[in-house]
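This report describes the architecture of one protein chain, from a single covalent link to the overall fold. Please examine the sequence and the coordinates before reading on.

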Amino acid sequence: MKTKWKSQCLAALLMAALLPPAHAAAPLPGVSQWPMASLHPEHDDDRDLLPFARAIGNARVVALAEQTHGGAEEFVLKTRLLKYLHEKMGFDVLLLESGFYDMGRLAARMQRGKQLDDMAPGNVFYMYAKSAEGRAMLQYLDRQRALGKPMALAGIDSQHTGALSIAELLPDLQAFLRQHAPALATGPDWEAYRTAAQPLFTLQRTPPAPDIRAAFERHAAAIDGALCACMDATAGGAGWWCRVARSVHAQAQTYWSGDTNYQRDNAMGDNAVWLADTLFKGKKVVVWAHTIHVARGFQRTPDQLQAGEVMHRRWGADYKVVQLTAAEGEVVEFASMQPFKVPKPAPGSLEARLADSGQRWLGLTAAAPVMLPQSSFDYAEPMTGRLGKNWDVLFYVRTMTPVRMTR
């Protein structure tokens, strides 16, 4: 008994040595917080993630959010959390913010032995495919597959801009229609559909001529009727192609309206729901995307929901959201690829309070919405989110540094 007591004491002392000293600032009412020993995926003591595991509980879908696409510590910590969810909590599916069609085709090639990290440039969202920190996540997936412990992979984005989409999406759709709905694979309406859709994949937003657009809408409706009545659970089957076609239609609605009829996120959420509930039914799922796409409670209009709200309405308490924030530092702004300074936290904000704690890394949960001002998206977006309302777990990194682009 004495030996057991001594070993427990030694373990407690070791844990205390691993973690930073307790924060000096007064605790936040209703908030539980704990210091993190490391952000790195190779850290071999996961006791500092036990509060994270308790916060996730029995949820089946966990979204790992990133405020920006250009913070190194965001990707490093998210990869650690992904590894923990996969290896310790039984999550075996990863849904990535990349094109639904592109990722589906890459996943099939991975099953034939191809390396995701090799195929990613031009097909996976470039901040994941070309940054050292994003690639570390892709390389983790490759290693797990090589070890015989794979995570299934799919994409949720309804916006298709990858090289595979540009070269193969419409020919593949036509080939599928020839087998299953041959009347829709040829003729003037198919040609109008193809003519209108192809420019979308290269980010062209100019609407087609009215007659072409009308024919596109007719044919999109006909394809939907033919494919979506059979929501089978097969990758590459009618249900899968239904989601591809609906994504193309959502991209057209979004682009051609100048975002006034923004349907990208509605379709992203629906893609995630179909993947989790049909293709990967019964499996535990991780979603990896920007916070704006996965946070609960956000919508542009009553019929233009952000994807996280679509998922929340479907899964309720079975859907958990993890957010990251920082008090200082710099990130890469993904659109311009220029450095962007994290703004100094406003006095009285949650980030200011956390900075006052003196901690480098913290995890937080809250029993009720935290009413202090908080960063939400890119440290600048007007839609303000809250711990305890829009996300369930918050990880604080005092200093963010830019991702390193490697190719």
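Which hand does the link of Cys228 and Cys242 have, and what is the angle about its S-S bond? In this predicted model, the link is right-handed, with 105° about the S-S bond. The disulfide joins sulfur atoms that lie 2.0 Å apart. It bridges distant parts of the chain: Cys228 sits in the loop between α10 (210-227) and α11 (238-256), whereas Cys242 belongs to helix α11, with the two positions 14 residues apart in sequence numbering. Both Cys228 and Cys242 are buried. The count of disulfides comes to one. In general terms, such a link is a covalent bond between the sulfur atoms of two cysteines.

**Overall fold**

The protein chain contains 15 helices and 11 strands. Its radius of gyration is 22 Å, close to the 22 Å given by the globule rule for 407 residues, so the chain is as compact as a globular protein of that length. Taken along the principal axes, the C-alpha atoms fill a box of roughly 80 × 45 × 40 Å. Of the 407 residues, 54% count as buried. The accessible surface comes to about 17100 Å², and carbon and sulfur atoms account for 56% of that area. Among contacts between residues at least 6 apart in sequence, 76% join residues at least 24 apart.

**Nonpolar core**

In soluble globular proteins, nonpolar side chains tend to be buried together. Here the largest nonpolar core has 125 residues, and the members that touch the most others are Phe52, Leu82, Leu95, Tyr193 and Phe395. Helix α11 supplies the largest share of this core, 10 residues. With residues up to four places away in sequence left aside, the contacts of Phe52 are Trp34, Leu81, Tyr84, Leu85, Val322, Val393 and Phe395.

**Helix α3**

Does the helix α3 end-to-end distance agree or disagree with the span expected from its 18 residues? The two agree: at 1.5 Å a residue, α3 (residues 72-89) should span 26 Å, and its end C-alpha atoms are 25 Å apart. The helix is mostly covered, since 15 of its 18 residues are buried. Gly90 follows α3 and has a positive phi, near 80°.

**Loop residues and backbone angles**

Positive phi values also occur in residues other than glycine, as tabulated below.

| Residue | Phi | Loop |
|---|---|---|
| Leu203 | about 65° | between α9 (188-197) and α10 |
| Tyr379 | near 60° | between β10 and β11 |

At 10% relative accessibility, Tyr379 falls under the 20% limit and therefore counts as buried. Gly388 is likewise found in the loop between β10 (361-366) and β11 (393-400). With a relative accessible area of 27%, Gly388 is partly exposed, because this value lies between the limits of 20% and 50%. Apart from residues up to four places away in sequence, Gly388 touches Ala366, Ala368 and Pro369. The C-alpha atoms of Gly388 and Gly134 are separated by 28 Å, and these two glycines are 254 residues apart along the chain.

Notes:
Residues numbered from 1 in each chain as written. Predicted model: local features only at pLDDT ≥ 70, side-chain atom pairs only at ≥ 80, totals over all residues. Heavy atoms only, no water. Disulfide = S-S within 2.5 Å. Helix = DSSP H or I, 4+ residues; strand = E, 2+ residues; numbered from the N terminus. Buried < 20%, exposed > 50% of the residue type's maximum accessible area, 1.4 Å probe, protein only. Expected span 1.5 Å × (residues − 1). Core = buried A, V, L, I, M, F, W, Y, C linked by side-chain atoms within 4.5 Å. Contact = heavy atoms within 4.5 Å. Rg over C-alpha atoms; globule rule 2.2 N^0.38 Å. Areas by Shrake-Rupley, 256 points an atom, 1.4 Å probe, with all protein chains shown as cover.
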